Amino acid sequence: MLERWKIPLLLSPALLLIAGLFLGGLFLGLIGSLGYMPLLGREELNLDAYRNILFSTGFYQSFLLTFYISLMSTIIASALAIGAALILRRHFIGRSVINFLFQLNLTVPHLVGAVGILYLFSQSGFFARLAFEFRLISGPSDFPAMIYDPLAIGIILQYVWKEVPFIGMILLANMQTFGHDYEAVSRTLGANRWQSFRFVLLPLVSPGLLAAALIVFAFTFGAYEIPALLGQSYPAALPVLAYQSFTDVDLNARPEALAMAMIIALLSAVMIFGYARLARRYMRS
Amino acid sequence: MTDVSLEKLTKAYPGQTRPAVNDVSMHIDGGSLTALLGPSACGKSTILKMIAGLLPPTSGDIRFARQSVLQLPPNRRDAVMVFQNHLLFPYMTVGENIGFGLKMRHEPKKDIDRAVGRMLELVQLEDMGTRKPNQLSGGQQQRVALARALILRPKILLLDEPFSNLDANLRLEMQQLLNSLHQELGTTMLFVTHDKEEAVGLSNKIALILNGTLRQYASATVLYGQPKDEDVARFFGARNFVPGKCGPGYFDCALGRFTLPESVSSTGRLLTFRPENIVVGGDNILENSFHATLASKQFLGSQTVLGLQKGDIFFEALLSPQIAEPLQEGSTVSVHLPQRSLWILG
Amino acid sequence: MLMQTNRHTENSRDGLSGPVWFSLILLVSWLVLPLIPLAIWSVSRSWYFPDIIPSAFSLRAWNYVFSSTSDVLPALGVTTLIALCATLLSVIIGLPAGRALGLYQFRGKALVELLILAPTIVPGIAVALGLHVVFLSLGLAGSYLGVLIVHLIPTLPYMVLVMAGVFANYNPDTEAQARSLGASAIQTFFYVTLPAILPGLLIGSLFTFLVSWSQYILTLLIGGGRVVTLPLLLFNFASAGRNDITGAISMIYILPGVVLLLLGARHLTGRSRAVESLRQI
């Protein structure tokens, strides 16, 4: 076996599979969104599906809703994760317990968390009952709607619940690489606690934080089961809308579903691009 | 020119049998360049961090110009620290790094730029202001770290093994730079090192720390010639220790009776003399002389080390290779210990 | 004069201040909070508004879950089997690829890394919708094999990335040493390579298992309702409002994660690559 062929040989099974399934799936989705449906005898490509959805208010509302959910979830989770990481990197009694809980959260599937949020925050859920107990409300309908509501509060809560430990652990690993020394230096140079955080620590962890945020954004944008369980039916999140269009009895809706899927893929491609740029900059410093 | 006092400074971590820093008291003169010397993990870095305010002491006091600073956070003590790892902020340019402290004080940009320019000249890095730290060599990075600290004209400059990461030649260069900066600026400087040559070459006074305790605080000459106890003596390379008994002005031991110099106290049970001070094979001088067997001879390049033996006592002498050349192994040689080279330990 | 220690100097070993402790307590409760009602629901018989705790307890949800007439146990079996097979396949295919990425530099490596990273960031729905028709025509839609294959999309890249990290810290000189001492290629693998990479391999496998374990949309689309895994069942019961059964299934569903954690918690911190891909779960 020639030395030259070693690397391609090691890589090819995995690359072939990924190229076949992943790239293949994307490609098929692309041509399907362009109207290619051989089963129905349609073999011409056209932009009808894209035209339809881009001119429909329903699509825009779904897109904006999904974007809003992803943006809020990512921002809130990132901010809380910074706070959590700042606390967790110090030594204190019970730190290992909290670390364990963080890691436990990482292993709990999103769906379970979503159901839990449902039982906590629905209008007949746990917090509603607490509010009733404390005479804050007189019935379930008085409790603010956080599930199936236009602000998608329940969905955002669920994403924040799951992504704070995720982003937090990445930040923590980052911070542990740098240690406390940079901040110690800045303190003796006259920076107070806030200046030390803003001018020294934050720039140091920003690349890692941003990379994690991009992953979270892409994920929340394309996730199906959480908005399916906790979200309004109209406007629905984009993945839900795509699924509904795909399983519609009218097969003409199928290219539109694929077009939506392509838009989701496009957005995540933008995220990947940004992530790759950040990873490279991080490696260099 | 701020002086620094440590009073009974102690740092004990829970669960440790011995405190990391144990009851250290010393007074550092304003404007001096002092070394905290000791082997690794002896507590010297901990002392430095307590002075900087990065670690709270378990007990004791730290005073700058007779005022206690314990209540002040590190950014208000005006005690700037330079670490072994230069810790230049990687995403800022060299100029931004140096100007960092002034920026934290909200100084106007023009003043900062001017001050940064002056510092760059002082550390001989005039054209490097716009470079990023990772584009500089190790020595240059450490110079930037020094500039970043000294631009603030701090009351005291603390250096934690600042040159340990550099190779030998670079280290000498940096030591000279530090010396000239010290002379130029007159800042009180305290640096930590495990290298006794560095401490001796650089500082006015040396504080020897062993196992968290201050063992002796004096000039290098004193530490070499008049160490307080055997541990201190051994740390500075003393090799020969002979037990015996003191009398008024003399010391009796297995090597004979030795007349002590007047400055040496006549109490103590251990005679010590440094290998480089022994005279071997010279003319017969009556006082403080005896005969010994030359057991071994080893050429080390610029010196020859002789292993000598009399009775049960083994001791070492360091001679210039030329003088040691004619001496034969196994022969009997005359040994003379000049009065001034003798020292008694408790 | 002796002075008291003061609060203003920093030390990472000192205690935390009041507001920090408060945030910490909040954080802890927040982390476990959603799991609590699930646990309680699984043993409740009737729990209506506005009761804070159930008015009647019973094990009927659990009885249902473990009974031979319900779909839960078969779903558990299916989910486990698919996850195990996906993990095994990912190891076999992913280990060599990870080795290549971790040990060697080569032209186009950045592109390869991008290709392997992409499936972990692009949402599954974008890929599965496209694959559906092809799988249908290949007879893979609605089959266990089809679901297994599509699970490989997130699991394989993840395993490759983990193994790349493992091999990046691996010294291949030990293999050269073994060969020069007379070991054959197979012997070298089993006696030198495998023991060295085993910890990383095991952790990566456990997490790959979890990636497959948590898949929903992939199974839903390609399985077509005929392949019923635990998450699908969970979703259905939750939507139907059968909270007690939902609670019981949830408890079973989070079990492997807890077990995995107890086995390998140590290795989680610092493995940023591995953690990054955990958002698949």
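What pLDDT does chain C average, and what share of the residues score at least 70? Chain C averages a pLDDT of 85, and 88% of the residues score at least 70. Keep in mind that this is a predicted model. For the complex, the predictor gives an ipTM of 0.88 along with a pTM of 0.83.

**Where to be careful in chain C**

Two stretches of chain C deserve a second look. Over residues 1-13 of chain C the pLDDT stays under 50, and the model has 31 contacts beyond four places in sequence for this stretch. The pLDDT is also below 50 over residues 268-279 of chain C, a stretch with 31 contacts in the model beyond near neighbours in sequence. Where pLDDT is low, the predicted coordinates should not be read in detail. So if you're pulling contacts out of the file, treat those from residues 1-13 of chain C, where pLDDT stays under 50, with that in mind.

**Chain A**

Chain A is a helices-and-no-strands affair: it has 12 helices and zero strands. Reading from the N terminus, its elements simply run α-α-α-α-α-α-α-α-α-α-α-α. Taken along the principal axes, the C-alpha atoms of chain A fill a box of roughly 75 × 75 × 35 Å. Chain A has 285 residues, and 53% of them count as buried. If you look at contacts in chain A between residues at least 6 apart in sequence, 70% join residues at least 24 apart.

**Who touches whom**

Chain A has a contact with chain B and another with chain C; here they are next to each other.

| Contact | Residues from chain A | Residues from the partner | Top contributor in chain A | Make-up of the chain A side |
|---|---|---|---|---|
| Chain A with chain B | 14 residues | 19 residues (chain B) | α8(A), six residues | seven nonpolar, five polar, two charged residues |
| Chain A with chain C | 81 residues | 82 residues (chain C) | α1 of chain A, 15 residues | 61 nonpolar, 16 polar, four charged residues |

Some detail on the elements involved. On the side of chain A that touches chain B, α8 (181-188) and α9 (193-222) of chain A each supply at least two residues. The helix that gives the most to the side of chain A that touches chain C is α1, which spans residues 6-33 of chain A.

**Chain B: two domains and a sheet**

The domain assignment splits chain B into domain 1 (4-230) and domain 2 (241-345). How far apart do the C-alpha centres of these two domains of chain B lie? The distance between them is 40 Å. As for contact, four residues of domain 1 of chain B meet four residues of domain 2 of chain B. On the domain 1 side, the residues that touch domain 2 of chain B comprise no nonpolar, two polar and two charged ones.

Chain B also has an open sheet of five strands, in the order β15-β19-β16-β17-β18, with antiparallel pairing. Which strands of chain B sit at the edges, pairing on one side only? Those are β15 (279-280) and β18 (313-319) of chain B. Further in, strand β16 (residues 289-299) of chain B pairs with strand β19 (residues 332-336) of chain B, in the antiparallel sense and over five bridges. To find that pairing on screen, start from Ser289(B): its bridge partner in β19(B) is His336(B).

Conventions:
Residues are numbered from 1 along each chain as its sequence is written. Chains are lettered from A and ligands numbered from 1 in the order in which they are written. This is a predicted model: local features need pLDDT of at least 70, side-chain atom pairs count only at pLDDT 80 or more; totals for chains, interfaces and linings use all residues. Two strands pair if DSSP finds at least two bridges between them. Domain bounds come from an automatic or database domain assignment. Ala, Val, Leu, Ile, Met, Phe, Trp, Tyr, Cys and Pro count as nonpolar, Asp, Glu, Lys and Arg as charged, and the others, Gly among them, as polar. A residue is buried if 20 or more other C-beta atoms lie within 10 Å of its own, exposed if 12 or fewer, and partly exposed in between; C-beta atoms are placed from the backbone. pLDDT is the predictor's confidence in each residue, from 0 to 100.
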